[in-house]
Amino acid sequence: MGTTNSRILIRSIVARTAADRCGFWLGNLQEESLTGLHSYFGTSTLEELHQVVGSDFRWLSPQYLSSTYRHPHGRGLFDLWKHKHHLGEAGPFSAIDDVDTVHAYKWPRLEDLDFSEGYAKLSQAGEYYRASGFWMPFFRDVMDLFGMDSLLTRMYTNPDVVHAAFEHVCGFYRDANERFFNLAGAEMDAVFFGNDFGTQRDLLLSPRQFDEFVLPWIKTFTDQAHAHGYGVILHSGGSIARIMGRLIDAGIDCLHPLQTRASNMDAQTLARTVKGRIAFMGGIDTQHLLVQGTVDDVKREVRRLKFLLGPHLIISPSHEALLPNVPPRNVAAMAEAALE
C-alpha cells in the first residue's frame, strides 16, 4: 500500500505546500503490540508491517540505539535512562541549591557518541520520509534530575539552578545533533523531538515558566534544524492550546500527536484556531476510539479529520505508541481510510 512518492508527499505536508492527499504513519509501536499485528497482517518485521499498511513516514532517531552513546563506565545519558523513576519521586538534584554543584555533575560527553548505526538506518530507509535527530526529551530529563515538585518549585525559588541544568541537558542535545546533522546531510528530512507539556486539561507549567525555561530551547533546536534544511516536528501530548501561537512563532512546522480528548486539542478547534499556520500529525484517538470503536467508527473519524485538517495532515494515532489493547481490525481501518 506504500507509494514511491511518500517522501515527497510528507515533505509537502510538513512544509504546507501543495499535497494531493493526507499522509499516514502507523506510529511507534509497543513491542507487545507487534505479535497480534503481525498475525493479522501476515508480516514478520516492523518495516514490513509499515509497508503493508502504507506508512509514509519513518522515525529513525539515533538516540535510543544502544550503540549511539557508549560511556566507558556504562553511564547512560544524564545517567537516567537505566534508572527511570516516577515523576513524583525526588531526583539527584532535588536538594541542590547552588549552580556549581550542577556544573560539577557528570554530564554526558560528546566524545562517547557513535552514529554509525543511526546513519546506516537512515541511508537504508528507502523512499519514505525520514524523521530523525535526537528525540531530546529535555523537559522530562530535567524533571527527572530534580523530581517534578522540586523542578516546578525551583523555577520560582532558584531559577539559576534550573537554568544551569537546562543549559547542560539542552547544550548536549544541541551539540550532539549538530554532529549527527553534519553526518546525515540529505539522508534525513526532519527533526522529530518530544516533550509532554500538557495534562488532559491544561499545561504542566505556566506560560510564563514555559517562556523562560522551555521556549528558548525549542527555538534553538528549531533554528538549528532549519539551518540544515530540515523540517521540525514537535511532539507534545496533552492540552497545549495556550502555547500554540508561541510554538508556531518559534518555527515549529508540524505538531504531533494531537491528543484529541485533551482540552481544546480536538480537530474542530485546531482547524478554527491554527489551521494553515502549522501542519498536523496524529489525531486518531487511542484512549477510546481505536480501543472500543467499530471499524466504521474509525473510518468515519479518519475522514472527518481529513476534511477538517487536510491536506496538511498525517493521519496517525493520538499517542505515538499503539498499545496491545487496540484491535488490529481498527488499525487496518485507520490505514485504509487514511489512504483513500
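The predicted model contains an open sheet of eight strands, paired in parallel. The strand order is E1-E8-E7-E6-E5-E4-E3-E2. Strand E1 (23-24) and E2 occupy the edges. Each has a single partner strand, so one side of each lacks a neighbour in the sheet. Within the sheet, strand E3 (residues 129-132) runs parallel to strand E4 (residues 190-194). Two bridges join this pair. In the register of E3 and E4, serine 132 sits opposite valine 191 in E4.

Two helix pairs were examined for packing geometry. Helix H2 (residues 31-41) packs against H3 at an angle of about 50 degrees. The axes of H2 and H3 are 11 Å apart. The angle makes H2 oblique to H3. H2 passes H3 in a left-handed crossing. In the other pair, H6 meets helix H8 (residues 159-184), and their axes come within 10 Å. The crossing angle of H6 and H8 is roughly 135 degrees. An angle over 145 would count as roughly antiparallel. H6 and H8 are therefore oblique to each other. The handedness here is right-handed, with H6 passing H8.

H3 and H6 also appear in the lining of the largest pocket. This pocket has a volume of about 1300 Å³. It is lined by 43 residues, and the closest to its centre are Asn28, Trp59, Tyr64, Trp135 and Glu320. Four elements are listed as giving two or more residues to the lining: helix H3 (46-53), strand E2 (57-59), helix H5 (116-123) and helix H6 (138-146). H6 gives the most, with four residues. Strand E2 thus appears both at an edge of the sheet and among the elements of the pocket lining. By residue class, the lining divides into 19 nonpolar, 16 polar and eight charged residues.

Backbone geometry was considered next. Most residues other than glycine have a negative phi, and most peptide bonds are trans. Two cis peptide bonds and one positive phi are described here. A cis bond joins histidine 256 and proline 257, with omega at about 10 degrees. Proline 257 is placed in the loop between strand E6 (254-256) and helix H11 (267-273). The peptide bond from glycine 310 to proline 311 is likewise cis. Its omega is near 0 degrees. Proline 311 belongs to the loop between helix H13 (295-309) and strand E8 (313-317). Arginine 16 has a phi near 60 degrees, a positive value in a residue other than glycine. The location of arginine 16 is the loop between helix H1 (6-15) and E1. The loops holding arginine 16 and proline 311 thus lead to E1 and E8, which are neighbours in the sheet order.

Terms used: Residues are numbered from 1 along each chain as its sequence is written. This is a predicted model: local features need pLDDT of at least 70, side-chain atom pairs count only at pLDDT 80 or more; totals for chains, interfaces and linings use all residues. Side-chain values use heavy atoms; hydrogens and water are left out. On a 1 Å grid over the protein atoms alone, a cavity is a set of points where a 1.4 Å probe fits but cannot get out, and a pocket is an open set with protein on both sides within 12 Å along at least five of seven lines; lining residues have an atom within 4 Å of a point. Grid points are joined across faces, edges and corners, and a volume is the space filled by probe spheres set on the points. Ala, Val, Leu, Ile, Met, Phe, Trp, Tyr, Cys and Pro count as nonpolar, Asp, Glu, Lys and Arg as charged, and the others, Gly among them, as polar. Two strands pair if DSSP finds at least two bridges between them. Axes are lines fitted to C-alpha atoms, for helices over the stretch in contact, and angles run from 0 to 180 degrees between N-to-C directions. Angles under 35 degrees count as roughly parallel, over 145 as roughly antiparallel, 65 to 115 as roughly perpendicular and the rest as oblique. A crossing is left-handed if the near helix is turned anticlockwise from the far one by less than a right angle, and right-handed if clockwise.
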